[in-house]
Amino acid sequence: MPDEQMAGAGSAPVPPGGTSGVPSVPPRPLDPIDRSIMRLLQADGRASIRSVAEQVHVSRANAYARINRLIDDRVIRGFTARVDHERAGQGASAYITLKIVQNSWRTVREQLRELPGAAHIALVSGDFDVLLLVHTPDNRTLRELVLTRLQAIPEVLSTRTLLVFEETDLLDTGPGPGPTGPTPLTEE
């Protein structure tokens with residue numbers, strides 16, 4: 001495998017909430033090197049095997065094997081891009097809390113997955129049952145999503161919308177976008 005290609009790239013993704021037919025086995029314990037590899041890949045999913053190996057002080061073969069084990073154990077579930085939603089035409093973001101009918105989580109979750117702009121869905125404890133993060137082009141679209149789509153789900157008892165004014169990506173380790181944009185990736 002070329003040095004610049006990440007292990008597991010192009011492999012079939014595991015469906016959300018699913019296991020792609022693989023029986024559930026507990027993952028092997030993680031050591032500090034595994035945790036360092038995960039942090040590096042969260043910051044830059046395009047990092048080369050050589051770069052990862054150098055930064056965690058192991059051989060390329062060891063880094064390759066560890067990354068593949070993390071993928072096989074489904075500790076690493078895939079590689080993705082972090083998107084600037086505003087620049088991508090999704091300038092309105094909101095967290096929406098939902099109170100739902102007891103024991104309707106699976107039904108509601110499937111309906112929420114179909115919503116345009118749904119980015120994260122969580123079953124939570126506390127004063128509400130579900131926390132939903134959505135990104136929409138504008139507030140009018142957000143309003144329609146809440147009033148027309150969400151409140152039309154029979155199992156949704158109530159909603160509360162919290163507009164996001166500003167976000168900070170904790171995984172963004174480089175300088176913020178400036179006149180020249182983010183720091184470009186370099187090949188090794």
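In this predicted model, residues 1-21 have pLDDT under 50 throughout. The model nevertheless places 34 contacts on this stretch beyond four places in sequence. A further stretch, residues 175-188, also has pLDDT below 50, and 11 contacts beyond near neighbours in sequence are found for it in the model. For the protein chain as a whole, the mean pLDDT is 83, and 78% of the residues reach 70 or more.

The protein chain contains 5 helices and 4 strands. Along the sequence these elements follow the pattern α-α-α-β-α-β-β-α-β. Of the 188 residues in the protein chain, 27% are buried. Among contacts with a separation of 6 or more, 70% are between residues 24 or more positions apart.

Two helix pairs were examined for their packing. Two packed helices are described by the angle between their axes and the distance between the axes. Helix α1 spans residues 32-43 and helix α2 spans residues 49-56. These helices pack at an angle of about 130°, and their axes lie 10 Å apart. An angle of about 130° falls outside the range of 65 to 115 degrees for roughly perpendicular axes and is not over 145, the limit for roughly antiparallel ones; α1 and α2 are therefore oblique to each other. The crossing of α1 past α2 is right-handed. On the α1 side, the contact involves I33, S36, I37, L40 and L41, which meet V52, Q55 and V56 of α2. By class, the residues of this contact comprise 6 nonpolar and 2 polar, with no charged residue.

Helix α2 also packs against α3, at an angle of about 105° and with the axes 8 Å apart. Because angles of 65 to 115 degrees count as roughly perpendicular, α2 and α3 are roughly perpendicular to each other. The residues in contact are I49, R50, V52 and A53 of α2, together with R60, A63, Y64 and I67 of α3. The contact of α2 with α3 has 6 nonpolar and 2 charged residues, and no polar ones.

Helix α3, which covers residues 60-72, also includes R69. The relative accessibility of R69 is 16%, and the limit for a buried residue is under 20%, so R69 counts as buried. Leaving out residues up to four places away in sequence, R69 touches R28, P29, L30 and D34.

Strand β1 comprises residues 92-100 and includes A92. With a relative accessible area of 5%, A92 lies under the 20% limit and is therefore buried. Beyond its neighbours within four places in sequence, A92 is in contact with V134, H135, T136, P137, D138 and N139. One of these residues, D138, is 46 residues from A92 in sequence, while the C-alpha atoms of the two are 4.9 Å apart in space.

A further set of contacts involves E155, located in the loop between α5 (139-150) and β4 (156-163). Apart from neighbours within four places in sequence, E155 is in contact with K99, I100, V101, S104, T107, V108 and Q111. Two of these partners, K99 and I100, fall within the residue range 92-100 of strand β1. For E155 and V101, which are 54 residues apart along the chain, the separation between C-alpha atoms is 5.1 Å.

Methods
Residues are numbered from 1 along each chain as its sequence is written. This is a predicted model: local features need pLDDT of at least 70, side-chain atom pairs count only at pLDDT 80 or more; totals for chains, interfaces and linings use all residues. Side-chain values use heavy atoms; hydrogens and water are left out. Helices (H or I, at least four residues) and strands (E, at least two) are DSSP runs, numbered from the N terminus. Buried means under 20% relative accessible area, exposed over 50%, partly exposed in between (1.4 Å probe, protein chains only). Contact means heavy atoms within 4.5 Å. pLDDT is the predictor's confidence in each residue, from 0 to 100. Axes are lines fitted to C-alpha atoms, for helices over the stretch in contact, and angles run from 0 to 180 degrees between N-to-C directions. Angles under 35 degrees count as roughly parallel, over 145 as roughly antiparallel, 65 to 115 as roughly perpendicular and the rest as oblique. A crossing is left-handed if the near helix is turned anticlockwise from the far one by less than a right angle, and right-handed if clockwise. Ala, Val, Leu, Ile, Met, Phe, Trp, Tyr, Cys and Pro count as nonpolar, Asp, Glu, Lys and Arg as charged, and the others, Gly among them, as polar.
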